[in-house]
Amino acid sequence: MSYTTKSSAVPSSSGAPIVLIVDDDELVLKSVDGLVRSAGYRSALYASAIELLSKPLPEGVRCLVTDVRLPLVSGLDLQAELAKRGQRVPILFITGHGDIPMSVRAMKAGAVDFLSKPFRDQEILDAIACALAEDIRLKELGSELESLRMRYESLTSREREILQFVSSGLLNKQVARELGLSEITVKLHRGSAMRKMRAQTLAQLVRMMEAIERGTLQGHTPV
């Protein structure tokens, strides 16, 4: 049975962050829902992991609050399935039967927090705020990575070729020798490529190329 709330029922704008809540205990589900809505967030309620996985996830800034022990598909299995699908959603686990190995596994897989029932209202609201802040950070990084990829796509095939050599540590004269070009030609292509990539230094360019290869940004990679 679905408990998904309608945005119109929430005393906040339609653009407010949304908290996905999964628990097979209806009392817990509605209790957490009340806290979430009192903080001005939207909510979507699910009685099981299977129910959540059967529908498209709501768009926007979001996080997931789920019990660890759920029927058929556990919270940890839900976490793994979302990762497999490429759905990056910060997760906060709640449980009345947690143990240290379980919490370690959840945190290593990227969980934002692991709370044991009963928890204080402010404790879970603080954890949700952290999870939503993490989702904003992930979305910003994703947007920056997409911008970086678009700039890379704007390069000519020769510029890409030269950047690959340069970012691997070769000097201009070594690149020229590898490609059978003059050193001045390599310098011109390299300069054009760095302007298109908006790289101020070679170190910055190397970090950009690594980010494209990894498919993710780390730390404070300038883009």
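Which residues touch the most other members of the largest nonpolar core? In this predicted model, they are Leu 20, Val 22, Leu 52, Leu 64, Leu 78, Leu 82 and Phe 93, out of the 23 residues that make up that core. Let's take the core as a starting point and work outwards.

## The nonpolar cores

Several elements share in building the largest core: strand S1 (18-22), strand S2 (42-46), helix H2 (49-53), H3, strand S4 (91-95) and helix H4 (100-108) each give it at least two residues. Apart from this core there is a second, separate one of 21 residues, with Val 19, Leu 29, Ala 127 and Ala 131 among its members.

Leu 64 is a good residue to select in your viewer. Setting aside residues up to four places away in sequence, Leu 64 touches Leu 20, Val 22, Leu 52, Leu 78 and Leu 82, and also Val 89, Pro 90, Ile 91 and Leu 92.

## The overall layout

How many helices and strands does the protein have? Its secondary structure comes to 9 helices and 5 strands. Read from the N terminus, the elements follow the order β-α-β-α-β-α-β-α-β-α-α-α-α-α.

Of the 223 residues in the protein, 42% are buried. The accessible surface is about 11,900 Å², and carbon and sulfur atoms account for 54% of that area. Contacts also reach along the chain: taking those between residues at least 6 apart in sequence, 63% join residues at least 24 apart.

## Helix H9 and its two partners

Helix H9 (residues 202-214) meets helix H6 (residues 157-167), with axes that come within 10 Å and cross at roughly 110°. H6 and H9 are therefore roughly perpendicular to each other. On the H6 side the contact involves Leu 163, Gln 164, Val 166 and Ser 167, while H9 brings Leu 202, Leu 205, Val 206, Met 209 and Glu 213. Sorted by class, this contact has 6 nonpolar, 2 polar and 1 charged residues.

H5 is another partner of H9: the axes of these helices come within 10 Å and cross at roughly 105°. That crossing makes H5 roughly perpendicular to H9. Here Leu 145, Leu 148, Arg 151 and Tyr 152 of H5 face Met 208, Met 209, Ala 211 and Ile 212 of H9 in the contact. The classes in the contact of H5 with H9 are 7 nonpolar, no polar and 1 charged. Met 209 is worth a look, as it is listed in the contact with H6 and in the contact with H5.

## Backbone details in the loops

Some of the loops hold backbone features that are handy to check before any modelling. The peptide bond that leads from Lys 117 to Pro 118 is cis, and its omega is near -5°. Pro 118 sits in the loop between strand S5 (113-116) and helix H5 (121-153).

Where do Leu 72 and Arg 198 lie? The place of Leu 72 is the loop between strand S3 (62-67) and helix H3 (75-84), and Arg 198 is found in the loop between helix H8 (183-197) and H9. Leu 72 has a positive phi, near 70°, without being a glycine. Arg 198, also not a glycine, has a positive phi of about 60°.

## Buried or exposed?

The table gathers the relative accessible area of four residues.

| Residue | Relative accessible area | State |
|---|---|---|
| Leu 72 | 78% | exposed |
| Glu 59 | 66% | exposed |
| Arg 198 | 53% | exposed |
| Asn 172 | 15% | buried |

Asn 172 belongs to helix H7 (residues 172-179). Its relative accessible area of 15% is why Asn 172 counts as buried, the cut-off being under 20%. Beyond its neighbours within four places in sequence, Asn 172 is in contact with Glu 183, Val 186, Lys 187 and Arg 190.

Glu 59 is part of the loop between H2 and S3. Which residues does Glu 59 contact, leaving aside its neighbours within four places in sequence? They are Ile 18 and Arg 42. Glu 59 and Ile 18 are 41 residues apart along the chain, and their C-alpha atoms are separated by 8.4 Å.

Key. Residues numbered from 1 in each chain as written. Predicted model: local features only at pLDDT ≥ 70, side-chain atom pairs only at ≥ 80, totals over all residues. Heavy atoms only, no water. Axes fitted to C-alpha atoms, helices over the stretch in contact; angles between N-to-C directions. Helix = DSSP H or I, 4+ residues; strand = E, 2+ residues; numbered from the N terminus. Parallel < 35°, antiparallel > 145°, perpendicular 65-115°, else oblique. Contact = heavy atoms within 4.5 Å. Nonpolar A, V, L, I, M, F, W, Y, C, P; charged D, E, K, R; others polar. Buried < 20%, exposed > 50% of the residue type's maximum accessible area, 1.4 Å probe, protein only. Areas by Shrake-Rupley, 256 points an atom, 1.4 Å probe, with all protein chains shown as cover. Core = buried A, V, L, I, M, F, W, Y, C linked by side-chain atoms within 4.5 Å.
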